[in-house]
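Me: I would like a close look at a single part of this model. Please keep the answer connected.

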Amino acid sequence: MVYDDLKDKVALITGGAGGIGAAAAQAFIDQGAKVALVDISAEALASVAAQIGAGDRLITISADVSKEDDVKNYVNATVAAFGTIDVFFNNAGIEGKVAPLVDQDIADFDRVMAINVRGCYLGLKYVLPIMYAKKAGSVINTSSVGGLTAGPGLGVTPYVTSKFAITGLTRLAANESAGHKVRINSVHPSPVNTQMMRRLEEGFAPGHATEAEQGIASGIPLGRYAEAAEIANAVLFLASDASSFVSGDQLRVDGGQLS
C-alpha cells in the first residue's frame with residue numbers, strides 16, 4: 001500500500017531498535033518519509049540504520065524515554081534535523097519479569113511503568129506542542145491486547161498494567177488534542193515474532209520456549225504470531241490521511257485473538 005501523503009513527512013519513532021520500531025522505520029522510509037529513530041542503545045540504533053540504509057533521511061538519537069531531559073533532547077534533535085514532527089510513533093516499551101503478582105519486585109514494576117507509561121506520557125508532553133502549533137499531526141501509541149484484556153494471568157502484571165494505562169492515556173490525549181486537529185490512536189498487537197516474545201516464552205516455560213510459543217500461537221485464531229511488518233502496516237494507516245477521521249481508537253492487530 002502506498003500512502004502518497006507520507007512522502008517527505010517527518011516520523012519520530014521511539015523503541016526504534018526493537019522489532020516493531022525497526023520495521024516501522026523501514027516502512028516509513030519506503031513511503032518516502034524522513035525518520036528520527038530513538039532507542040537507549042546507540043549501538044543497536046546504528047545496526048538498524050545500517051540495515052535500512054536511508055542516508056540523510058534517517059537520524060538516530062540515543063535516549064532513555066523515562067528521563068525528561070532525554071525526551072526533550074530527542075524532540076529538539078528531530079526538529080533541528082528535519083524542521084518539524086508530523087508523525088509520532090510512541091512505541092518504546094519493555095516486558096518486565098515473568099512472575100506471579102506477589103513475587104514481582106517493586107523495582108522491576110517501577111522500571112516497567114517508568115519506560116512504558118512515563119515514557120509514553122513524556123513523549124506526548126513534548127511532541128504535541130509542535131503538532132498543536134501547526135494544527136496537524138498523528139500520534140500512534142503502542143499498547144497491546146494486554147491493554148484491553150487481562151488475559152489468563154500469565155505473570156506479567158507490570159506489563160499489562162502499563163498497557164492498560166497507555167490505552168487510557170491515548171483516549172484522554174485524543175480528546176484533548178482534537179481541537180488542535182491532532183489525532184491520537186493506539187495500536188494493540190497480539191504476540192509478535194520479536195525478541196521480546198523469545199524472552200517471554202522462556203519466562204513462561206523455562207527450557208521449553210518452543211512449546212510455549214506453540215501454545216500461545218494456538219490461542220490466536222489465525223494460528224500464528226504477527227510479524228513486525230504487519231504492525232508497521234497498521235501504524236502507516238493510522239499515520240496517513242487514509243485514517244483522517246480516526247482518533248481515540250484502539251486498533252487491534254491480533255489475528256482475531258480478542259474477537
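Leaving aside its neighbours within four places in sequence, which residues is Asp-64 in contact with? Please go on from there to the helix that follows its loop.

Reply: The model is a predicted one. In it, Asp-64 is in contact with Ile-40 and Asp-70, once neighbours within four places in sequence are set aside. Asp-64 sits in the loop between E3 and H3. Asp-64 is buried but has no salt bridge. Lys-67, the nearest side chain of opposite charge, is 4.1 Å away, and a salt bridge is counted within 4 Å. The side chain of Asp-64 does have a polar contact of 2.7 Å with that of Ser-66.

After this loop comes helix H3, which runs over residues 68–82. Its 15 residues reach 21 Å from the first C-alpha to the last, close to the 21 Å expected at 1.5 Å a residue. Buried in H3 are Val-71, Tyr-74, Val-75, Thr-78 and Phe-82. These buried residues lie on the same side of H3, because they cover an arc of only 95 degrees around the axis. In general, an α-helix has 3.6 residues a turn, so residues three or four places apart point the same way.

The cover over the buried residues of H3 includes strands E1 (10–14), E2 (34–39), E3 (58–62) and E4 (87–90), along with helix H4 (106–134). On the other side of H3, Asp-69, Asn-76 and Ala-80 are exposed. Gly-83 follows H3, and the phi of Gly-83 is positive, near 95 degrees.

Definitions and conventions
Residues are numbered from 1 along each chain as its sequence is written. This is a predicted model: local features need pLDDT of at least 70, side-chain atom pairs count only at pLDDT 80 or more; totals for chains, interfaces and linings use all residues. Side-chain values use heavy atoms; hydrogens and water are left out. Helices (H or I, at least four residues) and strands (E, at least two) are DSSP runs, numbered from the N terminus. The expected span of a helix is 1.5 Å times one less than its number of residues. Buried means under 20% relative accessible area, exposed over 50%, partly exposed in between (1.4 Å probe, protein chains only). The arc is that of the directions from the helix axis to the C-beta atoms. Contact means heavy atoms within 4.5 Å. Lys and Arg count as positive and Asp and Glu as negative; His and the chain ends are not counted. A polar contact is a pair of N or O atoms within 3.5 Å; within protein, one must be able to donate a hydrogen and the other to accept it, and residues adjacent in sequence count only if both atoms are side-chain atoms.
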